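Visitor: I'm new to this, so could you walk me through the model on the screen? I'll ask, you explain.

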Amino acid sequence: MKYCEGCGTEMEDDASFCPQCGQQTTENSTIATKQKTQQNDALGVVALVFMIIGTVCMAFALIPLIWCIPMTIYLNNKLKSGEPIGVGFKVCTLLFVSLIAGILLLCRPEKQA
């Protein structure tokens with residue numbers, strides 16, 4: 001038998017939720033967290049691809065290219081390290097690099113500390 005982390009009620013070993021308080025068991029919450037993380041990673045990679053496409057499309061104009069390349073590299077580094085991406089950067093991506101990448105980044109929730 002196992003016990004609920006929320007209220008301490010004794011539960012069956014295969015229970016997904018506590019019968020007393022309804023709290024999800026640790027195993028199920030871990031699976032849900034992994035799925036959200038994978039979804040966030042996918043959104044980040046797709047946004048990075050659109051940023052690269054936007055940067056390549058701006059290659060004809062040197063001035064916009066000066067800020068597109070560093071922003072794309074910055075996003076790549078943040079995604080690799082798993083660090084949160086600020087809202088300001090997301091909005092600047094939306095306005096100056098790629099509309100689609102900016103929307104994807106704004107829709108991508110950051111990890112909770």
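Visitor: Let's start on the outside. Which residues make the nonpolar surface patch of about 760 Å²?

Guide: Sure, and keep in mind that this is a predicted model. The patch is nonpolar and covers about 760 Å² of the surface. Its members are Ile63, Ile66, Trp67, Val87, Val91, Leu95, Phe96 and Leu106.

Visitor: Which elements give two or more residues to that patch, and which one has the largest share?

Guide: Two elements give two or more residues to the patch, helix 2 and helix 3 (87-97). The largest share is 4 residues, and these come from helix 3.

Visitor: Val91 is one of the patch residues. Is Val91 buried, partly exposed or exposed?

Guide: First find Val91 in helix 3. Buried would need under 20% relative accessible area, and exposed would need over 50%. Val91 has 31% relative accessibility, so the label is partly exposed.

Visitor: Let me zoom out for a second. In what order do the elements run from the N terminus on?

Guide: The protein has 4 helices and 2 strands to place. Read from the N terminus on, their order is β-β-α-α-α-α.

Visitor: And what share of the 113 residues is buried?

Guide: A residue counts as buried when its relative accessible area is under 20%. Go through the 113 residues of the protein with that cut-off, and the buried share is 28%.

Visitor: Now helix 2. How does its reach compare with the expected span?

Guide: Helix 2 covers residues 62-81, which is 20 residues. At 1.5 Å a residue, you'd expect 28 Å. From first C-alpha to last, helix 2 comes close to that, with a reach of 29 Å.

Visitor: Why do the buried residues of helix 2 end up on the same side, and how wide is their arc?

Guide: The buried ones are Pro64, Leu65, Cys68, Met71, Thr72, Leu75 and Lys78. They sit on the same side of helix 2 because, around the axis, they cover an arc of only 160°. As a general point, an α-helix has 3.6 residues a turn, so residues three or four places apart point the same way. The arc you asked for, then, is 160°.

Visitor: Which exposed residues are on the face of helix 2 turned away from the buried side?

Guide: Exposed means over 50% relative accessible area. On the face turned away from the buried side of helix 2, the exposed residues are Leu62, Ile66 and Lys80.

Visitor: What about just after helix 2: which residue takes a positive phi there?

Guide: Look just past the end of helix 2 for a phi of about 80°. The residue with that positive phi is Gly82.

Visitor: Lys78 has a charged partner. Which residue meets Lys78 in a salt bridge?

Guide: Lys78 is in helix 2, and at 15% relative accessibility this lysine counts as buried. The partner is partly exposed, with a relative accessible area of 41%. Their side chains meet at 2.8 Å, N to O, and the partner's name is Glu83.

Visitor: How many salt bridges does the count come to?

Guide: For a salt bridge, a side-chain nitrogen of Lys or Arg has to be within 4 Å of a carboxyl oxygen of Asp or Glu. The Glu83 and Lys78 pair, at 2.8 Å, is a salt bridge. By this rule, the count comes to 1.

Visitor: Back to helix 3. Which residues are buried there, and how wide is their arc?

Guide: In helix 3 the buried residues are Phe89, Lys90, Thr93 and Val97. Around the axis they cover an arc of only 105°, and that puts them on the same side of helix 3. On the other side of helix 3 you'll find Val87 and Leu95 exposed. So the arc of the buried ones is 105°.

Visitor: And helix 4: which residues are exposed on the other side from the buried ones?

Guide: Helix 4 spans residues 99-107, and Ala101, Gly102, Leu104 and Leu105 are buried in it. Those fall within an arc of 165° seen down the axis, so they line one face of helix 4. On the other side, the exposed residues are Leu99 and Cys107.

Visitor: Last one. How far apart are the C-alpha atoms of Phe50 and Leu104?

Guide: Phe50 is in helix 1, and Leu104 is one of the buried residues of helix 4. Along the chain they are 54 residues apart. In space, their C-alpha atoms are separated by 9.4 Å.

Definitions and conventions. Residues numbered from 1 in each chain as written. Predicted model: local features only at pLDDT ≥ 70, side-chain atom pairs only at ≥ 80, totals over all residues. Heavy atoms only, no water. Expected span 1.5 Å × (residues − 1). Buried < 20%, exposed > 50% of the residue type's maximum accessible area, 1.4 Å probe, protein only. Arc of directions from axis to C-beta. Patch = residues over 30% accessible without salt bridge, like charges linked within 9 Å, V, L, I, M, F, W, Y side chains within 5 Å. Areas by Shrake-Rupley, 256 points an atom, 1.4 Å probe, with all protein chains shown as cover.
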